[in-house]
Amino acid sequence: MSIGKFYGGIGALIWAPKLERYLLLRRAPSKDYGAGAWECVTGRVDQGEGFEQAMHREVMEELGVQVRVLALLGTTHFYRGAPQPENELIGVVFLCALDDPEAIRTSPEHSEHRWLSAEQALVTLDAADPSTRWARRLIQRGEAVRRLLPAELSAYFQSAGVETG
């Protein structure tokens, strides 16, 4: 494949420690990709932004709240549609915490939201489309990372962030 351009994106899987639940958002029917699918906060990195800055901006735009970064969940590479350069996206996925789950105000990008335990989320995420399979993997990874993450490392990410630039 030739060298070309691609989008940078972010994902933010949000955990509410008080509830011991994850936030799932249903994409609005008007969305151009994955309409009606369940997801976490997602978005593109704007020119001049880093991944962490883009994540905080997207969370604020989609939910109206600030979150704390607990850890990096991983990276992602996919095509929003046909596998063509204009549809290619690489991204970074964050595991975040929100202390006040009642504070969220979903934007028109989503038609509903649910706070679900990992087990409930995995039952909800039963469709075979790529977006739903991705969200399912994030819940599974979020559970593993929360269980294995040393408290000192999580505290470091929360105070120092994850950007190295």
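Okay, a definition to start: by salt bridge I mean a side-chain nitrogen of Lys or Arg within 4 Å of a carboxyl oxygen of Asp or Glu. With that in hand, here's the cluster that caught my eye: D46, E49, R57, E58 and E61 are linked in a network of salt bridges. Two of its members, R57 and E58, are also among the buried residues of helix α1, and I'll come back to that helix.

Some housekeeping. What you're looking at is a predicted model, so local features need a pLDDT of at least 70 and side-chain atom pairs count only at pLDDT 80 or more, while totals for chains, interfaces and linings use all residues. Residues are numbered from 1 along each chain as its sequence is written, and side-chain values use heavy atoms, with hydrogens and water left out.

How confident is the predictor? pLDDT is its confidence in each residue, on a scale from 0 to 100. The chain averages 93, and 98% of the residues score at least 70. Among the elements, α1 has the highest mean, 98, and α4 the lowest, 92.

Now the overall layout. I'm calling elements from DSSP runs, numbered from the N terminus: helices are H or I with at least four residues, strands are E with at least two. That gives four helices and seven strands, and from the N terminus the order reads β-β-β-β-α-β-β-β-α-α-α.

On dimensions, the C-alpha trace spans about 45 × 35 × 25 Å along its principal axes. For the radius of gyration, I take C-alpha atoms and the globule rule of 2.2 Å times the number of residues to the power 0.38. For 165 residues a compact globule would come out near 15 Å, and the chain has 15 Å, so the two agree.

Contact here means heavy atoms within 4.5 Å. Of the contacts with a separation of 6 or more, 69% are between residues 24 or more positions apart. For burial, I use relative accessible area with a 1.4 Å probe, protein chains only: buried is under 20%, exposed is over 50%, and partly exposed is in between. Buried residues make up 45% of the 165. As for surface, areas are Shrake-Rupley with a 1.4 Å probe, and for residues only the protein chains shown count as cover. The chain exposes about 9000 Å², with carbon and sulfur atoms supplying 53% of that.

Back to α1, then. What does it pack against? Its buried residues sit against β1 (7-16), β2 (21-27), β4 (41-44), β5 (68-79), β6 (88-97) and β7 (110-116). Those buried residues are E52, A54, M55, R57, E58, V59, E62 and L63. A quick geometry check: the expected span is 1.5 Å times one less than the number of residues. For the 13 residues of α1, 51-63, that's 18 Å, and the end C-alpha atoms are 18 Å apart, so it agrees. Just after the helix, G64 takes a positive phi of about 70°.

There's another positive phi, at E20, about 55°, and E20 is not a glycine. In general, most residues other than glycine have a negative phi. E20 is in the loop between β1 and β2, and it counts as exposed because its relative accessible area is 55%.

Salt bridges again: there are nine in the structure. One of them pairs R68 with D99, closest N and O atoms 2.7 Å apart. That one links distant parts of the chain, with R68 in strand β5 and D99 in the loop between β6 and β7, 31 residues apart. Both ends are partly exposed, R68 at 29% and D99 at 41%.

Another joins R146 to E143 at 2.8 Å, N to O. Both lie in helix α3 (residues 130-148), three residues apart, about one turn. An α-helix has 3.6 residues a turn, so residues three or four places apart point the same way. R146 is partly exposed at 30%, and so is E143 at 23%. Then there's R114 with E112, at 3.4 Å between the closest N and O atoms; R114 is partly exposed at 33%, as is E112 at 27%.

Last stop, the segment after α4 (151-160), where V162 lies. Buried or exposed? Buried, because its relative accessible area is 17%. Leaving aside neighbours within four places in sequence, V162 contacts E52, V69, L72, F94 and F157. One of those, E52, is a buried residue of α1, which takes us back to the helix from earlier.

Conventions: pLDDT = per-residue confidence, 0-100.
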